[in-house]
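Q: I have a model open and want to learn how to read its sheets, core and pockets. Where do we begin?

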Amino acid sequence: MASQEPSSDAGLGPYERGWIEVTRALDAGASWSGHERNVAYLNLGQARFADISALSGLDSAGDGRGVVATDWNQDGALDLWIRNRDAPVLQLMLSQTAVGDRWIELELVGTTCNRDAVGARALLTTDRGPVAAQVIAGDGYLTQNSLRLHFALAPEERIQSLSVRWPGGVEENIAGVKPGAAYRIVQGSGEAQPLLRSPRTFAGGP
């Protein structure tokens with residue numbers, strides 16, 4: 001077992017030997033974290049969750065290290081990229097849920113703030129209430145989620161307003177946003193520009 005890195009060269013020998021043994025065990029197929037299976041929970045609302053690990057197919061026994069949510073095949077539903085320590089190193093889990101136009105995606109572009117608009121916060125208000133999402137960088141171990149903000153909408157849910165608070169505190173109201181589309185919003189423009197999307201298909205899958 002490798003302990004805390006020593007503060008001087010005096011104790012470096014045992015520390016290095018510990019890491020050599022750890023590396024040797026991993027190369028021989030040992031698990032870094034005891035073959036802990038991945039888990040997935042479905043948010044039922046009102047602080048209630050259901051374990052859907054097996055049902056979703058996400059309960060892999062691989063040594064998972066990170067997960068990224070992104071609409072990879074551009075069908076409006078979020079897919080998952082999973083990074084494992086061992087094989088398969090990368091897994092793409094495509095959502096099989098047909099969402100129709102019950103979603104909206106935003107790409108925020110800064111002008112006076114950073115170009116990626118890291119720190120910007122979008123507030124989408126519908127007839128079911130407000131939902132906020134923030135552009136975050138470096139939000140996962142060995143992973144980085146898409147900088148685009150993705151909102152899922154319930155059936156018959158109607159958009160009432162959209163606003164963006166940019167880094168620095170300036171807030172803009174954005175008009176003309178409709179469900180089932182992706183938009184680019186440039187800081188200071190006050191408008192949403194539709195983004196062209198081409199659904200991706202994969203050999204042997206959807």
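A: Begin with pairing: two strands pair if DSSP finds at least two bridges between them. Keep in mind that this model is predicted.

Q: How many bridges join E6 to E9, and do they run parallel or antiparallel?
A: Strand E6 covers residues 103–109. Four bridges join E6 to E9, and the two run antiparallel. For one facing pair, take leucine 106, which stands opposite leucine 149 in E9.

Q: In what order do the strands of the open sheet with E9 come?
A: The order is E9-E6-E12-E13. These four strands form an open sheet with mixed pairing.

Q: Which strands stand at the edges?
A: E9 and E13 (193–194) do. Each has a single partner strand, so one side of each lacks a neighbour in the sheet.

Q: How many residues make up the hairpin connection between E7 and E8?
A: Two residues link E7 to E8 in this hairpin. The strands run antiparallel, joined by six bridges. One bridge pairs leucine 123 with alanine 132 in E8.

Q: Now the interior. Which residues of the largest nonpolar core touch the most other members?
A: A core member must be buried, under 20% relative accessible area. The largest nonpolar core has 22 residues. Those touching the most other members are Leu106, Leu108, Leu149, Phe151, Leu162, Trp166 and Ile185. The elements giving two or more residues to this core are E6, E7 (121–126), E9, E10 (159–165) and E12 (181–186). Leu106 and Leu149, the facing pair of E6 and E9, both appear in that list of core residues.

Q: What is leucine 108 in contact with, beyond its neighbours within four places in sequence?
A: Its partners are Arg115, Asp116, Ala117, Ala120, Val135, Leu149, Val164, Trp166 and Ile185. Among them, Leu149, Trp166 and Ile185 also belong to the core residues that touch the most other members.

Q: Next, pockets. What is the volume of the largest pocket, and which residues are closest to its centre?
A: Its volume is about 880 Å³. It is lined by 24 residues, and Leu42, Ile52, Leu78, Ser95 and Thr97 are the closest to its centre. E1 (41–45), helix H2 (53–56) and E9 (149–152) each supply at least two lining residues. E1 gives the largest share, three residues. By class, the lining has 16 nonpolar, seven polar and one charged residues.

Q: How many residues of each class line the second largest pocket?
A: Seven are nonpolar, six polar and four charged. The volume of this second largest pocket is about 320 Å³. Of its 17 lining residues, Ala69, Asn145, Ser146, Arg148 and His150 are the closest to the centre. E3 (64–70), E8 (129–134) and E9 each supply at least two residues of this lining. E9 thus serves as a supplier to the largest pocket and to the second largest pocket.

Q: Last, the backbone. Where is glutamine 46 found, and is it buried or exposed?
A: Glutamine 46 lies in the loop between E1 and E2 (48–51). Its phi is positive, about 55 degrees, although it is not a glycine. Glutamine 46 is exposed, with a relative accessible area of 76%.

Q: Is glutamine 74 buried or exposed?
A: Glutamine 74 is buried, at 18% relative accessible area. It is found in the loop between E3 and E4 (79–84). Phi of glutamine 74 is near 55 degrees, a positive value in a residue other than glycine.

Notes. Residues numbered from 1 in each chain as written. Predicted model: local features only at pLDDT ≥ 70, side-chain atom pairs only at ≥ 80, totals over all residues. Heavy atoms only, no water. 1 Å grid on protein atoms, 1.4 Å probe; cavity = no way out; pocket = protein on both sides within 12 Å on 5 of 7 lines; lining within 4 Å. Points joined across faces, edges and corners; volume = space filled by probe spheres on them. Nonpolar A, V, L, I, M, F, W, Y, C, P; charged D, E, K, R; others polar. Buried < 20%, exposed > 50% of the residue type's maximum accessible area, 1.4 Å probe, protein only. Core = buried A, V, L, I, M, F, W, Y, C linked by side-chain atoms within 4.5 Å. Contact = heavy atoms within 4.5 Å.
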